Amino acid sequence: MSHQIVVCGAGIVGLSTALALARRGQRVAVLAPRAAVPPADPNHYHPRVYAISPASQRFLADIGVWDAMPASRLMPVQAMEIHGDADGQVNLNAWQAALPQLAWIVESGEIERVLIQAVRMFGIAWLEDRCTGYQNGAVDTESGARIQAELFVGADGAASPLREAAGLKHEAQSYNDTGLVVHLDAELPHQGTAFQWFRDDGVLALLPLPDTADGPQVSMVWSMRSELAQQLLELPQEAQTARLEALLAEAAEGRLGRLKVRSKLHGFPLTLERAQMVAPGIALAGDAAHRLHPLAGQGLNLGLGDVEALARIVAGREPYRQAGDLRVLHRYQRARAEPVLAMRLATDGLHKLFGSKATPLVWLRNAGMHWVERAPLIKRRLIAGASAN
(Lines give C-alpha, C1' and ligand atoms only; values in the text may rest on other atoms or scores of the structure.)
Protein backbone atom coordinates (compact mmCIF):
# COMPACT_ATOMS: atom_id res chain seq x y z
CA MET A 1 0.00 0.00 0.00
CA SER A 2 1.19 3.50 -0.78
CA HIS A 3 0.02 6.78 0.76
CA GLN A 4 1.14 10.40 0.85
CA ILE A 5 1.08 10.76 4.66
CA VAL A 6 0.43 8.08 7.27
CA VAL A 7 -0.22 9.05 10.89
CA CYS A 8 0.72 6.33 13.37
CA GLY A 9 -1.49 6.60 16.45
CA ALA A 10 -5.17 7.18 17.13
CA GLY A 11 -5.06 9.19 20.34
CA ILE A 12 -5.90 12.88 20.53
CA VAL A 13 -2.62 13.99 18.92
CA GLY A 14 -2.75 11.35 16.19
CA LEU A 15 -6.36 11.95 15.17
CA SER A 16 -6.01 15.73 15.28
CA THR A 17 -2.89 15.44 13.09
CA ALA A 18 -4.76 13.42 10.48
CA LEU A 19 -7.72 15.81 10.55
CA ALA A 20 -5.58 18.97 10.39
CA LEU A 21 -3.59 17.62 7.43
CA ALA A 22 -6.70 16.43 5.60
CA ARG A 23 -8.42 19.79 6.05
CA ARG A 24 -5.38 21.39 4.40
CA GLY A 25 -5.76 19.20 1.34
CA GLN A 26 -3.24 16.47 2.17
CA ARG A 27 -3.90 12.79 1.42
CA VAL A 28 -3.61 11.15 4.80
CA ALA A 29 -4.34 7.82 6.47
CA VAL A 30 -4.41 6.72 10.12
CA LEU A 31 -2.50 3.57 11.11
CA ALA A 32 -3.78 2.21 14.43
CA PRO A 33 -6.33 -0.18 15.91
CA ARG A 34 -9.77 1.38 16.27
CA ALA A 35 -10.60 2.25 19.86
CA ALA A 36 -14.19 2.27 21.07
CA VAL A 37 -15.15 5.25 23.25
CA PRO A 38 -18.11 4.39 25.49
CA PRO A 39 -21.11 6.75 25.55
CA ALA A 40 -20.86 9.64 27.98
CA ASP A 41 -22.51 9.13 31.38
CA PRO A 42 -23.95 12.32 32.92
CA ASN A 43 -22.58 11.49 36.37
CA HIS A 44 -19.33 9.74 35.50
CA TYR A 45 -16.31 11.35 33.88
CA HIS A 46 -13.32 9.94 32.03
CA PRO A 47 -10.44 9.37 34.48
CA ARG A 48 -8.04 11.52 32.44
CA VAL A 49 -8.84 15.19 31.97
CA TYR A 50 -6.85 17.95 30.32
CA ALA A 51 -6.51 21.69 30.84
CA ILE A 52 -6.99 23.03 27.30
CA SER A 53 -5.31 26.41 26.76
CA PRO A 54 -6.89 29.19 24.66
CA ALA A 55 -4.40 28.44 21.87
CA SER A 56 -5.37 24.76 21.85
CA GLN A 57 -9.06 25.67 21.97
CA ARG A 58 -8.64 27.86 18.88
CA PHE A 59 -6.84 25.05 17.06
CA LEU A 60 -9.54 22.50 17.93
CA ALA A 61 -12.16 25.00 16.74
CA ASP A 62 -10.23 25.53 13.49
CA ILE A 63 -10.31 21.81 12.68
CA GLY A 64 -14.02 21.67 13.47
CA VAL A 65 -14.16 19.62 16.67
CA TRP A 66 -14.50 22.10 19.54
CA ASP A 67 -18.10 23.07 18.85
CA ALA A 68 -19.04 19.40 18.45
CA MET A 69 -18.26 18.69 22.11
CA PRO A 70 -21.26 19.03 24.46
CA ALA A 71 -21.03 22.24 26.47
CA SER A 72 -22.25 20.38 29.56
CA ARG A 73 -18.96 18.39 29.61
CA LEU A 74 -16.70 21.47 29.39
CA MET A 75 -15.61 23.40 32.48
CA PRO A 76 -14.10 26.86 32.00
CA VAL A 77 -11.36 27.75 34.49
CA GLN A 78 -11.79 31.32 35.68
CA ALA A 79 -9.02 31.38 38.28
CA MET A 80 -6.02 29.54 39.73
CA GLU A 81 -4.98 29.43 43.36
CA ILE A 82 -1.36 28.30 43.83
CA HIS A 83 0.06 27.57 47.28
CA GLY A 84 3.73 27.19 48.20
CA ASP A 85 5.09 24.84 50.83
CA ALA A 86 5.14 27.59 53.46
CA ASP A 87 3.03 30.76 53.33
CA GLY A 88 3.58 31.63 49.66
CA GLN A 89 0.48 32.02 47.51
CA VAL A 90 -0.31 33.29 43.99
CA ASN A 91 -3.82 33.97 42.69
CA LEU A 92 -4.37 34.21 38.94
CA ASN A 93 -7.65 35.34 37.41
CA ALA A 94 -8.75 35.47 33.78
CA TRP A 95 -9.80 39.12 34.13
CA GLN A 96 -6.20 40.07 34.99
CA ALA A 97 -5.27 39.34 31.36
CA ALA A 98 -8.63 40.45 29.89
CA LEU A 99 -9.52 36.83 29.02
CA PRO A 100 -12.92 35.15 29.38
CA GLN A 101 -11.21 32.11 30.96
CA LEU A 102 -7.73 30.79 31.67
CA ALA A 103 -8.40 27.32 30.25
CA TRP A 104 -11.05 24.63 29.85
CA ILE A 105 -11.05 21.30 31.67
CA VAL A 106 -12.06 18.62 29.17
CA GLU A 107 -12.18 14.83 29.42
CA SER A 108 -9.87 12.81 27.20
CA GLY A 109 -12.78 10.57 26.20
CA GLU A 110 -14.92 13.49 24.95
CA ILE A 111 -12.14 14.87 22.73
CA GLU A 112 -11.40 11.40 21.36
CA ARG A 113 -15.08 10.71 20.65
CA VAL A 114 -15.50 13.89 18.59
CA LEU A 115 -12.20 13.37 16.75
CA ILE A 116 -13.16 9.82 15.76
CA GLN A 117 -16.45 11.09 14.39
CA ALA A 118 -14.75 13.91 12.49
CA VAL A 119 -12.14 11.59 10.95
CA ARG A 120 -14.91 9.25 9.84
CA MET A 121 -17.04 12.06 8.40
CA PHE A 122 -14.04 13.53 6.56
CA GLY A 123 -13.43 10.19 4.83
CA ILE A 124 -9.89 9.75 6.13
CA ALA A 125 -8.59 6.23 5.49
CA TRP A 126 -8.12 4.17 8.67
CA LEU A 127 -5.72 1.23 8.49
CA GLU A 128 -6.55 -1.05 11.43
CA ASP A 129 -3.08 -2.38 12.08
CA ARG A 130 0.02 -1.72 14.19
CA CYS A 131 3.52 -0.55 13.28
CA THR A 132 6.10 -3.24 14.04
CA GLY A 133 9.05 -2.16 11.90
CA TYR A 134 10.47 0.55 9.68
CA GLN A 135 13.03 0.40 6.88
CA ASN A 136 13.74 2.17 3.62
CA GLY A 137 10.83 4.59 3.95
CA ALA A 138 8.25 1.88 4.62
CA VAL A 139 6.44 0.63 7.72
CA ASP A 140 5.92 -3.06 8.40
CA THR A 141 2.76 -3.93 10.26
CA GLU A 142 1.53 -6.59 12.65
CA SER A 143 -0.56 -8.21 9.89
CA GLY A 144 2.49 -8.56 7.62
CA ALA A 145 1.68 -5.65 5.31
CA ARG A 146 4.24 -3.11 4.15
CA ILE A 147 3.08 0.50 3.87
CA GLN A 148 4.94 3.16 1.92
CA ALA A 149 4.42 6.90 2.30
CA GLU A 150 6.15 10.22 1.70
CA LEU A 151 5.82 11.01 5.39
CA PHE A 152 5.12 8.96 8.51
CA VAL A 153 4.00 10.92 11.57
CA GLY A 154 4.74 9.29 14.92
CA ALA A 155 1.88 10.38 17.17
CA ASP A 156 1.79 7.03 18.93
CA GLY A 157 2.59 8.01 22.51
CA ALA A 158 5.56 8.04 24.87
CA ALA A 159 6.53 4.45 23.96
CA SER A 160 6.23 5.25 20.21
CA PRO A 161 6.67 2.04 18.17
CA LEU A 162 7.52 4.11 15.08
CA ARG A 163 10.25 6.03 16.91
CA GLU A 164 11.69 2.78 18.23
CA ALA A 165 11.50 0.99 14.87
CA ALA A 166 13.13 3.90 13.03
CA GLY A 167 15.93 4.17 15.59
CA LEU A 168 15.37 7.84 16.43
CA LYS A 169 17.29 9.10 19.45
CA HIS A 170 15.35 9.19 22.69
CA GLU A 171 16.31 10.27 26.22
CA ALA A 172 14.26 9.61 29.35
CA GLN A 173 14.84 10.64 32.95
CA SER A 174 12.66 9.42 35.80
CA TYR A 175 11.40 11.93 38.35
CA ASN A 176 10.83 9.14 40.87
CA ASP A 177 7.31 10.53 41.10
CA THR A 178 3.99 8.87 40.30
CA GLY A 179 1.00 10.74 38.95
CA LEU A 180 -2.14 9.79 40.88
CA VAL A 181 -5.50 10.70 39.35
CA VAL A 182 -9.00 10.30 40.74
CA HIS A 183 -12.29 12.24 40.75
CA LEU A 184 -13.61 13.63 44.02
CA ASP A 185 -16.88 14.94 45.42
CA ALA A 186 -16.29 18.33 47.04
CA GLU A 187 -18.30 19.66 49.97
CA LEU A 188 -17.91 23.28 48.79
CA PRO A 189 -18.32 24.69 45.25
CA HIS A 190 -15.09 25.18 43.30
CA GLN A 191 -16.44 28.27 41.44
CA GLY A 192 -14.41 27.44 38.34
CA THR A 193 -11.10 27.66 40.22
CA ALA A 194 -8.15 25.29 39.84
CA PHE A 195 -6.09 24.73 42.97
CA GLN A 196 -2.45 23.68 43.33
CA TRP A 197 -0.26 22.95 46.35
CA PHE A 198 3.52 22.49 46.19
CA ARG A 199 4.36 20.12 49.05
CA ASP A 200 7.18 18.00 50.46
CA ASP A 201 5.44 14.87 49.12
CA GLY A 202 4.83 16.29 45.65
CA VAL A 203 2.45 18.62 43.82
CA LEU A 204 -1.30 18.35 44.38
CA ALA A 205 -3.74 19.84 41.86
CA LEU A 206 -7.53 19.92 42.05
CA LEU A 207 -9.18 20.76 38.73
CA PRO A 208 -12.81 21.89 38.51
CA LEU A 209 -15.31 19.65 36.73
CA PRO A 210 -19.04 20.08 36.02
CA ASP A 211 -21.30 19.27 38.95
CA THR A 212 -22.90 15.84 39.21
CA ALA A 213 -26.11 14.76 40.91
CA ASP A 214 -24.00 14.50 44.11
CA GLY A 215 -22.88 18.13 43.90
CA PRO A 216 -19.52 19.81 43.10
CA GLN A 217 -16.81 17.62 41.58
CA VAL A 218 -13.06 18.06 41.06
CA SER A 219 -10.36 15.96 39.42
CA MET A 220 -7.25 15.27 41.50
CA VAL A 221 -3.81 15.09 39.94
CA TRP A 222 -1.21 14.41 42.64
CA SER A 223 2.43 14.10 41.56
CA MET A 224 3.50 12.10 44.59
CA ARG A 225 6.84 10.56 45.50
CA SER A 226 6.74 7.08 44.02
CA GLU A 227 7.42 5.26 47.29
CA LEU A 228 4.43 6.91 48.99
CA ALA A 229 2.24 6.54 45.90
CA GLN A 230 2.99 2.84 45.59
CA GLN A 231 2.06 2.25 49.23
CA LEU A 232 -1.27 3.94 48.56
CA LEU A 233 -1.94 2.06 45.32
CA GLU A 234 -1.27 -1.31 46.99
CA LEU A 235 -3.83 -0.81 49.77
CA PRO A 236 -7.18 -2.68 49.65
CA GLN A 237 -9.96 -0.50 48.20
CA GLU A 238 -11.60 0.52 51.47
CA ALA A 239 -8.32 1.27 53.22
CA GLN A 240 -7.04 3.11 50.13
CA THR A 241 -10.09 5.38 50.02
CA ALA A 242 -9.85 6.18 53.74
CA ARG A 243 -6.12 6.90 53.50
CA LEU A 244 -6.45 9.09 50.43
CA GLU A 245 -9.29 11.12 51.93
CA ALA A 246 -7.23 11.63 55.09
CA LEU A 247 -4.22 12.80 53.05
CA LEU A 248 -6.44 15.19 51.08
CA ALA A 249 -7.97 16.62 54.25
CA GLU A 250 -4.48 17.65 55.38
CA ALA A 251 -3.02 18.64 51.99
CA ALA A 252 -5.96 20.70 50.65
CA GLU A 253 -6.28 22.55 53.97
CA GLY A 254 -10.08 22.29 53.88
CA ARG A 255 -10.21 24.68 50.92
CA LEU A 256 -13.12 22.76 49.34
CA GLY A 257 -14.43 21.24 52.55
CA ARG A 258 -14.48 17.48 52.82
CA LEU A 259 -13.27 15.65 49.70
CA LYS A 260 -14.69 12.18 49.03
CA VAL A 261 -13.37 9.68 46.48
CA ARG A 262 -15.92 8.94 43.72
CA SER A 263 -13.85 6.98 41.15
CA LYS A 264 -11.02 4.48 40.85
CA LEU A 265 -7.51 5.68 41.69
CA HIS A 266 -5.04 5.45 38.79
CA GLY A 267 -1.25 5.87 38.87
CA PHE A 268 1.41 6.35 36.19
CA PRO A 269 5.18 7.05 36.36
CA LEU A 270 6.38 10.59 35.63
CA THR A 271 9.37 11.13 33.35
CA LEU A 272 11.16 13.89 31.51
CA GLU A 273 11.68 12.78 27.91
CA ARG A 274 12.84 14.18 24.60
CA ALA A 275 13.44 12.60 21.23
CA GLN A 276 14.84 13.38 17.80
CA MET A 277 11.75 15.03 16.30
CA VAL A 278 12.49 14.52 12.60
CA ALA A 279 14.35 12.27 10.17
CA PRO A 280 13.93 11.83 6.40
CA GLY A 281 10.29 10.85 5.92
CA ILE A 282 9.47 10.86 9.68
CA ALA A 283 8.15 13.49 12.09
CA LEU A 284 7.24 12.97 15.75
CA ALA A 285 4.53 14.85 17.64
CA GLY A 286 3.15 14.91 21.18
CA ASP A 287 4.42 12.44 23.77
CA ALA A 288 6.40 10.57 21.11
CA ALA A 289 8.57 13.70 20.75
CA HIS A 290 8.62 15.11 24.29
CA ARG A 291 7.18 14.49 27.73
CA LEU A 292 7.15 16.89 30.67
CA HIS A 293 6.28 16.93 34.34
CA PRO A 294 2.51 17.52 34.56
CA LEU A 295 2.71 20.23 37.24
CA ALA A 296 1.88 22.92 34.63
CA GLY A 297 -0.71 20.79 32.81
CA GLN A 298 0.79 21.68 29.42
CA GLY A 299 1.60 18.27 27.91
CA LEU A 300 -1.37 17.99 25.55
CA ASN A 301 -1.22 21.70 24.72
CA LEU A 302 2.38 21.27 23.54
CA GLY A 303 1.30 18.24 21.50
CA LEU A 304 -1.50 20.17 19.81
CA GLY A 305 0.99 22.95 19.13
CA ASP A 306 3.13 20.34 17.35
CA VAL A 307 0.13 19.29 15.27
CA GLU A 308 -0.78 22.83 14.23
CA ALA A 309 2.81 23.63 13.20
CA LEU A 310 3.33 20.33 11.35
CA ALA A 311 0.09 20.60 9.37
CA ARG A 312 0.73 24.24 8.46
CA ILE A 313 4.34 23.67 7.39
CA VAL A 314 3.82 20.41 5.51
CA ALA A 315 0.76 21.74 3.66
CA GLY A 316 2.56 25.01 2.89
CA ARG A 317 5.68 23.39 1.40
CA GLU A 318 6.87 24.14 -2.12
CA PRO A 319 5.00 22.14 -4.80
CA TYR A 320 8.17 20.37 -5.89
CA ARG A 321 8.94 18.99 -2.40
CA GLN A 322 7.48 15.82 -0.93
CA ALA A 323 5.78 15.85 2.46
CA GLY A 324 8.70 13.98 4.03
CA ASP A 325 11.46 16.20 2.59
CA LEU A 326 13.93 16.76 5.42
CA ARG A 327 14.18 20.47 4.62
CA VAL A 328 10.44 20.78 5.20
CA LEU A 329 10.59 18.78 8.42
CA HIS A 330 13.48 20.89 9.72
CA ARG A 331 11.17 23.91 9.47
CA TYR A 332 8.76 22.08 11.74
CA GLN A 333 11.53 21.20 14.17
CA ARG A 334 12.71 24.82 14.34
CA ALA A 335 9.16 26.10 14.83
CA ARG A 336 8.68 23.87 17.87
CA ALA A 337 12.15 24.16 19.42
CA GLU A 338 11.55 27.34 21.43
CA PRO A 339 8.09 26.61 22.94
CA VAL A 340 9.02 23.03 23.83
CA LEU A 341 12.34 24.06 25.41
CA ALA A 342 10.75 26.94 27.33
CA MET A 343 8.08 24.68 28.84
CA ARG A 344 10.63 21.96 29.55
CA LEU A 345 12.86 24.39 31.45
CA ALA A 346 9.91 25.89 33.32
CA THR A 347 8.39 22.61 34.52
CA ASP A 348 11.69 20.92 35.29
CA GLY A 349 12.95 24.05 37.03
CA LEU A 350 9.84 24.33 39.21
CA HIS A 351 10.09 20.65 40.10
CA LYS A 352 13.72 21.08 41.19
CA LEU A 353 13.02 24.36 43.02
CA PHE A 354 10.18 22.95 45.12
CA GLY A 355 11.85 19.55 45.49
CA SER A 356 14.69 21.00 47.53
CA LYS A 357 14.35 21.13 51.31
CA ALA A 358 17.26 23.56 51.78
CA THR A 359 16.12 26.37 54.11
CA PRO A 360 17.33 29.24 51.87
CA LEU A 361 15.41 27.83 48.90
CA VAL A 362 12.26 27.30 50.97
CA TRP A 363 12.38 30.97 51.96
CA LEU A 364 13.29 32.13 48.45
CA ARG A 365 10.53 30.29 46.58
CA ASN A 366 7.79 31.40 48.99
CA ALA A 367 9.10 34.97 49.05
CA GLY A 368 9.05 34.87 45.26
CA MET A 369 5.40 33.82 45.31
CA HIS A 370 4.57 36.76 47.58
CA TRP A 371 6.36 39.08 45.14
CA VAL A 372 4.49 37.69 42.12
CA GLU A 373 1.19 38.03 44.00
CA ARG A 374 1.84 41.78 44.31
CA ALA A 375 2.94 42.24 40.67
CA PRO A 376 -0.01 42.50 38.22
CA LEU A 377 2.28 42.82 35.19
CA ILE A 378 4.07 39.56 36.03
CA LYS A 379 0.70 37.85 36.48
CA ARG A 380 -0.44 39.03 33.05
CA ARG A 381 2.75 37.68 31.50
CA LEU A 382 2.35 34.32 33.26
CA ILE A 383 -1.21 34.01 31.98
CA ALA A 384 -0.24 35.09 28.47
CA GLY A 385 2.62 32.57 28.37
CA ALA A 386 0.38 29.70 29.44
CA SER A 387 -2.35 30.78 27.00
CA ALA A 388 0.02 30.75 24.02
CA ASN A 389 1.00 27.06 24.28
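Let me start with helix α1, residues 12-23, and helix α7, residues 299-315, whose axes come within 9 Å and cross at roughly 25°; the axes here are lines fitted to C-alpha atoms over the stretch in contact, with angles running from 0 to 180 degrees between N-to-C directions. That makes α1 roughly parallel to α7, a label that applies to angles under 35 degrees, and α1 passes α7 in a right-handed crossing.

On the side of α1, the contact (heavy atoms within 4.5 Å) is made by Ile12, Val13, Ser16, Thr17, Ala20 and Leu21, and on the side of α7 by Leu300, Gly303, Leu304, Val307, Leu310, Ala311 and Val314. These residues divide into 10 nonpolar, three polar and no charged, with Gly counted among the polar ones.

I should say that this is a predicted model, in which local features need pLDDT of at least 70 and side-chain atom pairs count only at pLDDT 80 or more, while totals for chains, interfaces and linings use all residues. Residues are numbered from 1 along each chain as its sequence is written, and side-chain values use heavy atoms, leaving out hydrogens and water.

Now to the cysteines: the structure holds zero disulfides, a disulfide being a pair of cysteine sulfur atoms within 2.5 Å. Why is cysteine 131 not bonded to cysteine 8? Because their sulfurs are 5.2 Å apart, which is too far for a bond, although cysteine 8 holds the closest cysteine sulfur to that of cysteine 131. Cysteine 8 is buried (under 20% relative accessible area, with a 1.4 Å probe and protein chains only), at 2%, and cysteine 131 is also buried, with a relative accessible area of 13%.

Key. Buried < 20%, exposed > 50% of the residue type's maximum accessible area, 1.4 Å probe, protein only. Helix = DSSP H or I, 4+ residues; strand = E, 2+ residues; numbered from the N terminus. Parallel < 35°, antiparallel > 145°, perpendicular 65-115°, else oblique. Left-handed = near helix turned anticlockwise from the far one by under 90°.
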